[in-house]
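Work through these exercises with the sequence and the 3D view open. Try each task before you read its solution.

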Amino acid sequence: NGITVPNAYALYQNYPNPFNPVTNIKFDIPNSVKSQSSNVKVTVYGLLGDMIAVLVNEQLQPGSYEVDFDGSNLASGIYFYRIEAGEFVNEMKMVLLK
């Protein structure tokens, strides 16, 4: 069917970075031996660790995904985004410039 399923979890650098006010976050969910879907949570945190937003919190089928983050109501600065999917956890930094 032409659809490629990733073979590993991945969290990619947001684009654009620095951003103003919207950025795109991409991540991959691979095939799982245990089930066909994974509970995935993607969150955004401030520099002091305060949770800013929950972008994704649902069961997702294997595949590649994109989610937009709108920081128009936030101050310029450094923010972190984090993915939790099964045993995979990763975090990356992004910069909001206004």
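A strand here is a DSSP run of E of at least two residues, and strands are numbered from the N terminus. Keep in mind that this is a predicted model.

**Exercise 1. Place V54 and decide whether it is buried, partly exposed or exposed.**

Solution.
Step 1: Find the strand. V54 lies in β4.
Step 2: Recall the cut-offs. Buried means under 20% relative accessible area, exposed means over 50%, and partly exposed is in between.
Step 3: Apply them. V54 has a relative accessible area of 43%, so this residue is partly exposed.
Step 4: List the contacts. Leaving aside neighbours within four places in sequence, V54 is in contact with K41, V42 and T43.
Step 5: Check a distance. V54 and N7 are 47 residues apart along the chain, and their C-alpha atoms are separated by 25 Å.

**Exercise 2. Work out the strand order of the open sheet of four strands.**

Solution.
Step 1: Read across the sheet. The order is β4-β3-β6-β7, and the pairing is antiparallel.
Step 2: Name the edges. β4 (51-60) and β7 (88-96) each pair on one side only.
Step 3: Add the twist. From one strand to the next, it averages 15 degrees.
Step 4: Look at one pair. β6 (residues 77-85) and β7 run antiparallel, joined by nine bridges.
Step 5: Pick out one bridge. Y79 has M94 in β7 as its partner.

**Exercise 3. Describe the largest nonpolar core and find which strand gives the most to it.**

Solution.
Step 1: Start from a general tendency. In soluble globular proteins, nonpolar side chains tend to be buried together.
Step 2: Size the core. The largest one has 21 residues. F27, V40, V44, V56, F69, I83 and M94 have the most contacts inside it.
Step 3: Trace the suppliers. At least two core residues come from each of β2 (22-29), β3 (38-45), β4, β5 (63-70), β6 and β7.
Step 4: Name the top giver. β6 gives the most, with four residues.
Step 5: Zoom in on F27. Beyond its neighbours within four places in sequence, F27 has contacts that include A10, L11, V40, V56 and I83.

**Exercise 4. Is N24 buried or exposed, and which side chains make polar contacts with the N24 side chain?**

Solution.
Step 1: Locate N24. This residue is in strand β2.
Step 2: Judge its accessibility. N24 counts as buried because its relative accessibility is 16%, and the cut-off for buried is under 20%.
Step 3: Find the polar partners. The N24 side chain makes a polar contact of 3.3 Å with the side chain of E66. Another, of 2.9 Å, joins N24 to the side chain of D68.
Step 4: Complete the list. Not counting residues up to four places away in sequence, N24 touches N14, Y15, E66, V67 and D68.

Methods:
Residues are numbered from 1 along each chain as its sequence is written. This is a predicted model: local features need pLDDT of at least 70, side-chain atom pairs count only at pLDDT 80 or more; totals for chains, interfaces and linings use all residues. Side-chain values use heavy atoms; hydrogens and water are left out. Two strands pair if DSSP finds at least two bridges between them. Axes are lines fitted to C-alpha atoms, for helices over the stretch in contact, and angles run from 0 to 180 degrees between N-to-C directions. A nonpolar core is a set of buried Ala, Val, Leu, Ile, Met, Phe, Trp, Tyr and Cys residues joined through side-chain atoms within 4.5 Å. Buried means under 20% relative accessible area, exposed over 50%, partly exposed in between (1.4 Å probe, protein chains only). Contact means heavy atoms within 4.5 Å. A polar contact is a pair of N or O atoms within 3.5 Å; within protein, one must be able to donate a hydrogen and the other to accept it, and residues adjacent in sequence count only if both atoms are side-chain atoms.
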